[in-house]
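Okay, thanks everyone, let me get the model up on the screen. I'll talk you through the bits I found fun, and you can shout if I go too fast.

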Amino acid sequence: MGGPDEHPDEGLVFFGYVKDARGAPIASAKVTATMKSGNTFIVQTTATGLYRLPTFSTNINPAEVVIACAKEGYKQTRVIRRPIAKANPPKPVETECRMERG
Amino acid sequence: MQDGARLKALFGFTLLLLFCGTGAAAELRGHVSSREEGAMEGVLVSARRAGSPITVTVVSDAKGEFRFPEVSLPPGKYEYSTRAVGYELERSASGGDGTIQLTLRKAKDLAAQLTNTEWFISMPGTTEQKRPLIECMSCHTFERILRTKHGAGEMFEVLKRMTTYANNSTLQKVQVRKVERKYEEQNLRRLAAYLATVNQSSGPWAYSLKTLPRPSGRATRVVITEYDMPRKTIAPHDVQIDAEGMAWYSNFVDNYLGRLDPKTGAHEEFAWPAVKPGAPTGALALSTDRDGNFWLAAMFQTGVVKFDVRKKAFQVFRLPPEMNTDASQQSMVMPRQSHVDGKVWTNEVAKQALMRLDIKSGKYELFEPFKMMGGSHSPYGLVADAANNLFFMDFGGEAIGRIDAKTGQAMIYPTPTPRSRPRRTMMDAQGRVWFAEFAANKVAMFDPAKESFREWDAPTPHTYPYDVFVDRNGELWSGSMSSDRILRFDPASGKSLEYLLPRQTNVRRVFVDNRTKPVTFWVGSNHGASIIRLTPLDERLD
């Protein structure tokens, strides 16, 4: 009783797409979200290039979470953060990561 | 509940005495049938010699025939029992040729025979309504809940009382926590209201009781040996076999490390000292270091405990006062690679954190990968790689994590399936991390080299695997906390089968002895005060 299933997820979700220079999705890319503490969350993109990072506390300033992407044969070119809307509960934070071959 | 029903609930089958003098060389065999089905496949037939703590079980084949291997049953007087859901033993008789004829009849009280998985599939309600019940089955079966006549208000009071009990409680030994578990009143009220719709508060159950199929085919090719503990209160949690073939276990509710000699049934206990008087007693994880010494995670007693197998002496590593609160709880310990850097990993459930003990100084360091993260997290199953970097399961959430031994930095890898609640884990020779996704009904593998996951569904819904062990053939062994079934699975071919255990068994940590041929599977019956050995007759699933 009183276990984790008593507490449904709340808080910030980070999500977005990893795309190539032409805007095509990149599957199985590694996406990292690094916090100020140095602790890092790591996920891979789906077949449509989508990633989703589970809930972060609302105490965390999303601007301090650094999103990066990587895949063999690619290098990261841009990270585009959509404007962060202030809302309660917080809205998901969308960040797109662009890579090109090389 | 009447005594008869209670007895059946406890054993899951009926008992009947038959005295049989088997000759030394005679093989004990027989046939099982019922009026309804004729010859019956998949009936578990158990034999126990009068006065012995050892019960041997075999399973009938498609012709209804069963036989006990010659070596498993010494001559003597035997007591027989069966397990076949929906049926009970009506009579047994000796055939003219020395065989045993067992006749089953329809069970008078089917509800007393259901596993928690069968209750899950029988009860009406949504997945979300049923989901909180996976906490209840850590301590007892659902039959106990569903026979009550409580309305929602009374049920809420019962649930509130449940939050005062320690995780390491059994029906035989209930332990009260020093600090209540946190709970959300509205969630508890919601669960109470749901339970009042599926219990007997409005009269007999308005839903039909569904059952899982009996074992068939290769799932009948098995011999199961149960060793009863000398006291009903003993709760074997983690079991493992040492180089001499001895079975060692952690006792979840008392400060003992236990040892069983499977050859003779001899049992010995080694008491470790009380660390925190007045707190619940007992240990959860049992793990070995390279030298074969045993380490225990001391739960609410706090800290970790080492047992030197040569000196037969304990050493307690206490938490320092500033880290030790009434809520402190160490459920896991990982000494496997402590020879590399003199460090042993453990967890601090009260802080959603990990700790690392320096053996020489006795000092603990705290690691908080989820600090400021919010949400539900709880580092649980632990395993260390060759450099003593730690891999941990986030049982409260949906990720596995790695803590770098040198930098202390954490990497968190969410599992492909959300809300998976990874539980216990092991590492194979290639450094891959195998683990059970308890709430996702899956077993999974994380490859640190590729930073990628693979997941496999358990074949039966509501299995709730607690742990997984990969054997020398690359086959996976796992156990259900709810269906009394042991899952054997080949990740290469996707083939699987489930062996049914003879009694209600709250399966926790699983262990495979790779030195036997075929391999031998071991598990503790945490609620049933026994240690179980399962010997498959087939070396491989294929």
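Let's start with Phe41(A), which stands opposite Ile412(B) in strand 26 of chain B. Just so we're clear, this is a predicted model. So which strands are pairing here, and in what sense? Phe41(A) is our way in to strand 3 of chain A, and that strand pairs with strand 26 of chain B, residues 410-414, in the parallel sense over two bridges.

Now zoom out to the whole contact between the chains. Chain A puts in 26 residues and chain B puts in 30. On the chain A side, strand 3 (40-44) and strand 4 (50-56) each supply at least two residues. Strand 3 of chain A gives the largest share of that side, five residues. And how does the chain A side divide up by residue type? You get nine nonpolar, 12 polar and five charged.

Okay, stay with strand 26 of chain B for a second and follow the chain onwards. Between strand 26 and strand 27 (422-427) there's a loop, and Arg419(B) lies in it. Look at the backbone there: Arg419(B) has a positive phi of about 50 degrees, and it's not a glycine. Most residues other than glycine have a negative phi, and most peptide bonds are trans. Keep both halves of that in mind.

Further along there's a hairpin, made by strand 29 and strand 30 of chain B with four residues between them. In the turn, Glu451(B) has a positive phi of about 50 degrees. The two strands, residues 442-447 and 452-457, run antiparallel and are joined by six bridges. If you want a register marker, Lys442(B) stands opposite Asp457(B) in strand 30.

Next up is an open sheet in chain B: four strands, order 31-32-33-34, with antiparallel pairing. Which strands sit at the edges? Strand 31 (465-470) and strand 34 (496-500), each of which pairs on one side only. From one strand to the next the twist averages 20 degrees. Strand 31 is joined to strand 32, residues 476-480, by four bridges, and there Pro465(B) stands opposite Ser480(B).

And now the peptide bond I hinted at. Lys517(B) and Pro518(B) are joined by a cis peptide bond, with omega about -5 degrees. Where's that proline? Pro518(B) is in the loop between strand 35 (507-513) and strand 36 (520-525) of chain B.

Right, helices. Helix 6 (residues 152-162) and helix 7 (residues 185-198) of chain B pack with their axes 8 Å apart, at an angle of about 125 degrees. That angle makes helix 6 oblique to helix 7. The crossing is right-handed. Contact residues on helix 6 include Met155(B), Phe156(B) and Leu159(B), and on helix 7 they include Leu188(B), Leu191(B) and Leu195(B). Counting up that contact, there are 10 nonpolar residues, no polar ones and two charged.

Last, the overall picture of chain B. How many helices and strands does it have? Eight helices and 37 strands. Along its principal axes the C-alpha trace spans about 75 × 55 × 45 Å. Chain B has a radius of gyration of 23 Å, which agrees with a compact globule, because one with 542 residues would come out near 24 Å.

That's my tour, so over to you for questions.

Methods. Residues are numbered from 1 along each chain as its sequence is written. Chains are lettered from A and ligands numbered from 1 in the order in which they are written. This is a predicted model: local features need pLDDT of at least 70, side-chain atom pairs count only at pLDDT 80 or more; totals for chains, interfaces and linings use all residues. Two strands pair if DSSP finds at least two bridges between them. Axes are lines fitted to C-alpha atoms, for helices over the stretch in contact, and angles run from 0 to 180 degrees between N-to-C directions. Angles under 35 degrees count as roughly parallel, over 145 as roughly antiparallel, 65 to 115 as roughly perpendicular and the rest as oblique. A crossing is left-handed if the near helix is turned anticlockwise from the far one by less than a right angle, and right-handed if clockwise. Two residues are in contact if their C-beta atoms, placed from the backbone, lie within 7 Å. Ala, Val, Leu, Ile, Met, Phe, Trp, Tyr, Cys and Pro count as nonpolar, Asp, Glu, Lys and Arg as charged, and the others, Gly among them, as polar. The radius of gyration is taken over C-alpha atoms; the globule rule is 2.2 Å times the number of residues to the power 0.38.
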